[in-house]
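Work through these exercises with the coordinates open. Try each task before reading its solution.

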Amino acid sequence: MSNTPRKILVTSALPYANGSIHLGHLLEHIQTDIWTRFQRMRGHQCFSVCADDAHGTPVMLKAQELGITPEQMVEQTRAEHHQDLLDFHVVYDNYYVTHSEENKQLCEEIYTRLNNAGYISKRTINQLFDPEKNMFLPDRFIKGTCPSCGAEDQNGDSCDVCSSTYSPTEVINPRSVVSGATPILKDSEHYFFDLPKFEAMLKDWLVSGALQEEIANKLQEWFEAGLQQWDISRDAPYFGFEIPGAPNKFFYVWVDAPVGYMASFKNYCNQHDIDFDSFWNADSDAELYHFIGKDITYFHCLFWPAILEGAGLRKPTGVNVHGFVTVNGAKMSKSSGTFIKGRTYLNHLNPEYLRYYFASKLSDGVTDIDLSFEDFAQKVNSDLVGKVVNIASRCAGFITKRFDGKLSSNIIDPELVAEFQQASETVATHFEKRQYNRAIREIMALADKANQFIDTQAPWVTIKEESKQQLTHDVCSLGINLFRILVVYLKPVLPKLAEQSEAFLNDSLEWQSAQNVLTNHEINKFKALMQRVDMDKINAIIEDSKESLGEPKKDKAKEKSTKKSPKKSGTPLEQDPIGETVSFDDFAKVDLRIAKIAKAEHVEGADKLLKLQLDLGGDTKQVFAGIKSAYQPEQLEGKLTVMVANLAPRKMRFGLSEGMVLAAGPGGDELWILEPHEGAQPGMKVK
């Protein structure tokens, strides 16, 4: 990999200013921070910026509820967000806010360029209007009955039950979330950006290598449906920037939010005498990367590059899209205590545990990352405490107590050192490509070899023999050097551990530091670098997450008196709590049948679903099953399984699902469909 110095600007998606940082946010910020730290260690000029996303109706209404101005609320939330990120060792060159003078000026400048080039038009549209609050309602502030499946209490733009998408004006029996009033239709003149004019450019850019292939393929669906002009205006009252020459019309938040990347960097450039234009002009030789979640791909990969192109600015070099965070195999849940705020985690556990765990799971794909707490504890305890830190703790005491705190001048196993050093470019390539999980596997394989070397040499035995004092010195010195190389490779992931290790080693570590060893070098007394994860602390995080929602605090004394003795294996996290009971008569209505999987196939556009054709002994039913993480279609065809045959059909975005396949397991690749005993036949009723 070439190491010619590069000019790089990196951004993370902007946290919205009406809620706290949670573990889902942290996946992205940690992924970004690891990459930028790595680039700087490699000697590149790499800037990273972020900001709070301040504008929009939700912020305005939340501030009203709190009895403060939107500006006050945004200031408070931004300070909270920034501190949370810093405490997870996520460091941006500038953490700003979109409600800034720089952002206002840039939005107006870009809009004027687009307008002058003929990319802005106006037309009158019908919108739902709250007659009590005297305001137009964004989609998310409308609830009602789904026009596709009839499910009640659904959002104004999509249905959680059947996955249909629709216009808010199609919602049956709509109501305003703000006041509860029935909205009325009202005309309003809106401003539109002519996205269809950029179709050819966007098609070329999507396949230019700027996006992951799966994201580029997914976005092709928008071209098949036909690109539409994009509504970029909102009516007063609205917390945002007023559109030039358009009184009481404001830029939609998704206009000024990505421009906020530019504004944060411009604010930094103004303070540090950096040439802002050299990063954003169309002919820039700098690299620009956005790290985002898959839910905002549309804005970053269609609207944003089109706006930049229309305004005569450069497009991103890459948009790096990641999946969501699940906890213990399920979506983060407030009721179960797995919707965890960053601060709640920090109150109990070392932030580097989470940085390491996410790194061990993150790839360059868009797959969801599951935070399995049992796996989390095992991985941290085994890898970081049991392997990496263990190397130093096993060797340092001998160096300090028996050899005056000075490493040997002799390298006892140069071949082993060379193997560690030669891994440098492999590990670097994995970090560069955002394949952090592969980098971690490589590093831990080296840690295993270092521990095997120490086990074989057994310095705790040789130290007892006078004739083997030099051997002991050489072995422990090499162990310290191998530990040092591992810390170099882990420094982007574990900056605090690296800082503490540098103090212990009496050394400063950059990427090239792995290519030399310390001989005849004084080290400082070793102090414990990391403690094992205690499952009690994880359980406390979950309990605190429940309590933060206002749930009653458990009576610990009563719980202690009624609780049975725990089993030696397992924790309270290994099982989901038992849900609400149902009567036997209700349960007896469930018709469980043996079904043969006649056909299985992938579902285009679905991350978790497989489409199954189930043979019930002559009757065939189509089922969409969320088992893609555990099975490939070819593994399933011909198998017998158990299905709920009398479940009411459910209309989904991908088609009609006529039942449910039964499966068990914690989730991810640990999910198993139920398979009946030999002799079972399709259509048989399960008793």
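The exercises below cover helix packing, salt bridges and burial.

This is a predicted model, in which local features need pLDDT of at least 70, side-chain atom pairs count only at pLDDT 80 or more, and totals for chains, interfaces and linings use all residues. Residues are numbered from 1 along each chain as its sequence is written, and side-chain values use heavy atoms, with hydrogens and water left out.

**Exercise 1. Describe how helix H12 packs on helix H15.**

Step 1. Locate the elements. H12 spans residues 373-402 and H15 spans residues 436-457. Helices (H or I, at least four residues) and strands (E, at least two) are DSSP runs, numbered from the N terminus.

Step 2. Get the geometry. The angle is about 40 degrees, and the axes are 10 Å apart. Axes are lines fitted to C-alpha atoms, for helices over the stretch in contact; angles run from 0 to 180 degrees between N-to-C directions.

Step 3. Classify. H12 is therefore oblique to H15. Angles under 35 degrees count as roughly parallel, over 145 as roughly antiparallel, 65 to 115 as roughly perpendicular and the rest as oblique.

Step 4. Assign the hand. H12 and H15 cross in a left-handed sense. A crossing is left-handed if the near helix is turned anticlockwise from the far one by less than a right angle, and right-handed if clockwise.

Step 5. List contacts (heavy atoms within 4.5 Å). H12 contributes residues including Asp-383, Leu-384 and Arg-394, and H15 contributes residues including Met-444, Ala-447 and Ile-454. The contact residues of H12 with H15 split into eight nonpolar, three polar and five charged. Here Ala, Val, Leu, Ile, Met, Phe, Trp, Tyr, Cys and Pro count as nonpolar, Asp, Glu, Lys and Arg as charged, and the others, Gly among them, as polar.

**Exercise 2. Repeat the analysis for helix H5 and H9.**

Step 1. H5 covers residues 199-206. The angle between H5 and H9 is about 120 degrees, with axes 10 Å apart. That makes H5 oblique to H9.

Step 2. The crossing of H5 and H9 is right-handed.

Step 3. Met-201, Leu-202, Trp-205 and Leu-206 of H5 touch H9 residues, among them His-300, Cys-301 and Glu-309. The residues of this H5 contact with H9 comprise eight nonpolar, one polar and one charged.

**Exercise 3. How many salt bridges are there, and which parts of the chain does the Arg-40 and Asp-93 pair join?**

Step 1. Apply the rule: a side-chain nitrogen of Lys or Arg within 4 Å of a carboxyl oxygen of Asp or Glu. The count is 34 salt bridges.

Step 2. Take the pair. Arg-40 and Asp-93 form a salt bridge at 2.8 Å, N to O. Arg-40 lies in helix H1 (residues 23-41) and Asp-93 in the loop between helix H3 (70-87) and strand S3 (94-97), so the pair ties together parts 53 residues apart in sequence.

Step 3. Check accessibility. Buried means under 20% relative accessible area, exposed over 50%, partly exposed in between (1.4 Å probe, protein chains only). Arg-40 is partly exposed at 29%, and Asp-93 is partly exposed at 27%.

**Exercise 4. Is Lys-294, the salt-bridge partner of Asp-368, buried or exposed?**

Step 1. The closest N and O atoms of Asp-368 and Lys-294 are 2.8 Å apart.

Step 2. Lys-294 has a relative accessible area of 17%, so Lys-294 is buried.

**Exercise 5. Which residues of helix H14 are buried?**

Step 1. In H14 (residues 424-432), Ser-424, Val-427, Ala-428, His-430, Phe-431 and Glu-432 are buried.

Step 2. Their cover includes H1, helix H13 (414-422), H15 and helix H17 (469-490).

Step 3. Glu-432 also belongs to a salt-bridge network with Arg-6 and Glu-287.
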